[in-house]
Amino acid sequence: MAIPVLQDLKDAGGNLIRSIKAPFRDDWCKKCGRSMNHPHQRLFAITDMRVGHYESHTEIDYYRGALWPVTSRSEIPAGVYACRAEEFHCPRCGRRKVKLTIFLPVRHHDKPEEIITFDNGKALDFLWN
Ligand SMILES: [Zn+2]
């Protein structure tokens with residue numbers, strides 16, 4: 001896990017400013033500069049997407065209909081895409097972010113296809129029900 005880096009900078013008047021440079025992190029609130037909670041994670045099969053026919057989707061409604069929850073990777077049928085959904089929640093500003101990692105399970109490794117993030121995490125509450 002990356003650690004925020006302390007950086008010494010000079011402002012226009014030559015004064016020293018100490019700032020914390022926050023590296024890009026999934027569980028980091030850009031607005032508040034602090035780490036977010038990670039309340040949910042779930043694995044799904046994407047029932048209508050098979051190997052060789054990947055199509056990118058950024059509309060939430062698509063995921064409402066296409067994701068089939070599974071309890072483990074072994075339940076995903078061969079040649080079918082999978083989606084790992086993770087939610088991050090900022091305890092200070094309440095920002096909720098959902099990250100979908102879409103991959104093709106190939107034997108013992110995951111072949112990544114696309115990562116899609118949604119800032120309107122509440123609209124994806126159906127993922128956890
Ligand atoms: Zn925040």
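Five strands form an open sheet in this predicted model. Their order is β6-β5-β7-β8-β9, and the pairing is antiparallel. The edges are taken by β6 (67-70) and β9 (109-118); each has a single partner strand, so one side of each is left without a neighbour in the sheet. From one strand to the next, the twist averages 30 degrees.

At the β9 edge, the partner is strand β8 (residues 96-106), and nine bridges join the two antiparallel strands. Two of the bridge pairs can be followed residue by residue: Thr 101 has Ile 115 in β9 as its bridge partner, and Ile 102 has Glu 114. The strands β8 and β9 form a hairpin with two residues between them. In this hairpin, Arg 107 takes a positive phi near 45 degrees.

Ile 102, a residue of strand β8, shows how a position in this part of the sheet is surrounded. Ile 102 has 21 other C-beta atoms within 10 Å. A residue counts as buried if 20 or more other C-beta atoms lie within that distance, and therefore Ile 102 is buried.

Which residues is Ile 102 in contact with, leaving aside its neighbours within four places in sequence? They are Tyr 81, Cys 83, Glu 113 and Glu 114. Glu 114 is also the bridge partner of Ile 102 in β9. For Glu 113, the separation from Ile 102 is 11 residues in sequence, while the C-alpha atoms are 5.5 Å apart in space.

Technical notes
Residues are numbered from 1 along each chain as its sequence is written. This is a predicted model: local features need pLDDT of at least 70, side-chain atom pairs count only at pLDDT 80 or more; totals for chains, interfaces and linings use all residues. Two strands pair if DSSP finds at least two bridges between them. Helices (H or I, at least four residues) and strands (E, at least two) are DSSP runs, numbered from the N terminus. Axes are lines fitted to C-alpha atoms, for helices over the stretch in contact, and angles run from 0 to 180 degrees between N-to-C directions. A residue is buried if 20 or more other C-beta atoms lie within 10 Å of its own, exposed if 12 or fewer, and partly exposed in between; C-beta atoms are placed from the backbone. Two residues are in contact if their C-beta atoms, placed from the backbone, lie within 7 Å.
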